[in-house]
Amino acid sequence: MSIFVLSEKNTQQAKKYAQALFGHTRRNKEGFYEGVWAGNSMVIGYLGGHLYEQYSPADYTDRWNAREAKPRQLIEMQPLVPEKWKIKEKKGKVGKQSIHDLLQKIKRAGDNVTEIYLATDPDREGTLLGREVLIELGLMDKVTSRVYAHDTAESQIRKAFSQAKPIATDELLYVAGLERQRVDWLGGIASFALMKSENALKGHLGKGTGSIGRVKSGVAIFIEQVNQKNDNWDEEAPENNKYGIKMTTSDGLVLKSARQAPLEAQIIGWIKRHSTITTVDIKAEDKKRSVNAPMLLQLSSIMTWAKKNKIKKEIMPFLNNLALKGYITYPRTEINVISKSFRDENLAPRAEEVKNLLEVKLPLPNRLIFDKPWINNKKVDNAGHMANTYGDNVPSKTELESLEKEEQQLYRIIGLRSLAPMMPKGIDSVRQYSSQVDDMPFAASSSSILIKGWRELPELYSNKNQSKKSDEETTFVDGGLKNVNFEVERIKRHPPVRITPANIIELMGKYGLGTSGTRENIIKEMTSFGQIKNNGKYYEVTEVGKALVYNQPLYTFESTKELGKLLLDIQGLGDSETPIPAGTAINKLARDISTWRDAILPKINDTFTYFDPNIEKYKAVERMEVKTKSGKTLKFKKEFFGHTFSEEECEALSQGKEITFKGNNGKPVTGMLKHQTFSGNKFIGFMPNWDSEKYKKAKSVR
DNA sequence: GCAAGGTC
């Protein structure tokens with residue numbers, strides 16, 4: 001039997017599969033991994049994420065071409081639900097090879113074998129992007145098996161392949177993936193067109209809305225909500241306060257009541273009723289408390305760490321680079337645990353080497369025995385990802401020092417956090433005080449460090465990072481009968497914490513907005529579109545961004561949550577007993593878009609425009625007037641891409657000839673005069689040959 | 001070109 005395995009990524013997946021199954025990573029002439037597994041000849045190929053993208057509206061039909069449609073038509077045609085959804089090859093590259101070439105290699109490899117295994121990431125998107133390719137290349141008939149490789153430890157990769165499941169087992173995941181993709185496309189395109197119109201109606205002509213969709217709208221909404229809550233916070237409001245009893249002993253111990261009351265009067269009443277009590281018996285009990293090292297790193301915690309440590313640049317590129325070299329594991333994961341196998345096969349054997357490289361003086365006695373909370377096989381299985389740790393390739397000191405400063409910092413913290421559970425645990429001495437006064441229990445505690453353990457490393461533990469609650473270094477007092485005094489303690493509720501560059505990534509995760517690898521870029525885009533801005537202290541939603549909050553009915557917190565539920569229902573993992581049919585979320589969204597469209601349409605007439613004549617860049621531009629060979633008079637814009645056409649160039653253009661000049665970016669631009677349409681208006685103007693199909697299709701002048 | 005998802 002001969003098998004072709006389709007994986008999702010090269011270095012972080014195909015290569016690891018090859019090492020685990022073949023014991024080597026030799027490549028064939030196509031660059032795919034080739035070897036023998038269980039008596040079968042096997043080729044392991046890879047993708048590079050999604051290699052296909054949605055058709056654009058104009059790809060479906062000319063009618064949907066927003067450049068040709070008038071604004072009113074553009075609104076009328078929403079939602080753009082295709083009769084048959086289609087995808088096309090993306091342009092671009094995976095590493096050094098073009099996507100087209102890579103797909104051709106996959107096609108050839110698939111044609112050459114008797115069976116195909118799908119072994120992309122075991123999640124929704126992995127299933128979608130893998131099946132997309134197999135279907136588009138006509139290889140689906142040969143696909144027999146689905147490999148769910150949740151775990152990158154070699155023993156677990158081998159297990160996943162030997163226990164491969166029938167391909168039909170991921171059918172529902174694929175359907176849910178399609179639904180997610182289509183809902184985002186349909187909503188994104190509709191909301192952009194409709195919001196632009198809403199803005200124009202409000203007089204924001206020519207003002208960029210920026211792109212808008214499920215995630216960006218969600219981000220704008222939660223920033224606005226948090227700011228509104230803070231700006232209108234009433235710290236005196238009853239719901240923002242509660243009251244407890246503070247019992248202070250003559251030797252300075254402070255015990256607090258186990259219960260609180262909503263009204264200050266209730267506590268004052270309690271204290272009055274107990275005013276005769278002046279001595280209380282206080283029990284003291286001594287305990288030892290072990291203090292765990294921090295959890296292993298997940299992507300959002302690395303990002304938070306980076307911001308706190310003043311790394312201003314985007315960190316994804318640094319992490320990608322470290323992962324490609326094998327210095328760290330695959331970085332795009334929100335999981336903070338690893339599997340037992342990964343501990344034994346990947347972390348433990350390299351621990352001493354990493355420890356020496358990072359010049360850590362502590363021993364690693366727990367190297368082979370650290371368990372919960374860092375080990376959770378089930379969580380790893382469900383997520384299909386593991387925490388970020390140091391990788392199988394430990395750099396030499398010279399190699400580490402040749403990396404960029406930020407990469408060195410990131411490697412160090414990821415390395416230390418991977419080693420932390422192997423270090424001695426911290427032990428604290430704790431004294432717990434308790435007493436009962438009538439109906440009310442009181443408690444307090446003191447503690448001090450007995451064994452520092454992993455806390456000897458300042459990068460893992462510093463007093464500065466501890467909250468005020470920390471009772472470290474508190475004084476110990478004996479129990480017994482003590483004189484006491486009761487007081488009211490007002491406990492204030494605080495408004496939600498403001499959103500800052502340091503916490504936004506983690507908060508997006510909490511709100512289910514975007515996925516780990518995409519969040520940093522979403523914030524960057526929203527900032528550059530001017531939808532949100534950092535006012536120096538926290539993020540604010542700008543006037544443009546407020547449209548996303550107040551001016552679109554499509555994306556709300558509820559609808560985002562609802563979509564998540566629907567996708568699970570389609571997968572058969574939701575509340576409903578049987579999976580709900582594909583298309584449920586799309587149809588619901590399409591109805592919401594129609595409602596929004598119908599609300600806008602009455603306000604839009606045929607001459608409605610996004611064009612603002614008062615904005616400088618839209619003012620009438622100087623036009624060139626030339627005569628063609630046939631004696632017709634032509635008018636066209638004198639400029640293109642920062643270049644003003646010379647007389648000779650105008651002459652050549654008027655005769656329908658192609659010219660070449662230097663554009664804004666210093667690169668040569670070639671093109672000629674063509675008949676074009678923009679926003680429903682026909683005109684003659686210079687067209688570059690950047691899009692060869694469009695260029696060939698457009699009529700030239702003669 | 002507009003989404004959001006993946007990865008190089």
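Reader: What makes the approach of a base nitrogen of DNA strand B to His 50 a polar contact?

Author: In this predicted model, local features need pLDDT of at least 70 and side-chain atom pairs pLDDT 80 or more, while totals for chains, interfaces and linings use all residues. Residues are numbered from 1 along each chain as written, chains are lettered from A and ligands numbered from 1 in the order written, and side-chain values use heavy atoms, without hydrogens or water. The base nitrogen lies 3.2 Å from a polar backbone atom of His 50, and a polar contact is a pair of N or O atoms within 3.5 Å, so this pair qualifies.

Reader: Which phosphate contacts involve the side chains of Lys 216 and Tyr 330?

Author: A phosphate oxygen of DNA strand B is 3.3 Å from a side-chain N or O atom of Lys 216, and a phosphate oxygen is 2.3 Å from such an atom of Tyr 330.

Reader: How many residues surround DNA strand B, and what makes a residue count as near?

Author: There are 33 residues around the strand, with Ser 211, Val 215, Tyr 330, Arg 332 and Thr 515 the closest, and a residue is near if one of its heavy atoms lies within 4 Å. Of the strand's atoms within 4 Å of the protein, 62% belong to sugar or phosphate, and the rest to bases.

Reader: Which helix gives the most residues to this surface?

Author: That is α7, with 6 residues; both α7 (171-201) and α8 (214-231) supply at least two residues each, helices being DSSP runs (H or I) of at least four residues and strands (E) of at least two.

Reader: Why are Tyr 17 and Phe 161 called an edge-to-face pair?

Author: Their ring centres are 5.2 Å apart and their planes lie at 75°; rings of Phe, Tyr and Trp (its six-membered ring) pair within 6.5 Å, with planes under 30 degrees counted as stacked, over 60 as edge-to-face and the rest as tilted, so this pair is edge-to-face. Because Tyr 17 lies in helix α1 (residues 10-22) and Phe 161 in helix α6 (residues 154-162), the pair ties together parts 144 residues apart in sequence.

Reader: Why is the pair of Phe 32 and Tyr 46 also given that name?

Author: With centres 5.4 Å apart and planes at 75°, the pair is edge-to-face, and it joins the loop between α1 and β2 (33-37) to strand β3 (residues 40-46).

Reader: Are Phe 32 and Tyr 46 buried or exposed?

Author: Phe 32 has 0% relative accessibility and Tyr 46 a relative accessible area of 6%; buried means under 20%, exposed over 50% and partly exposed in between (1.4 Å probe, protein chains only), so both are buried.

Terms used: Polar contact = N/O pair within 3.5 Å; in protein donor to acceptor, adjacent residues only side chain to side chain.
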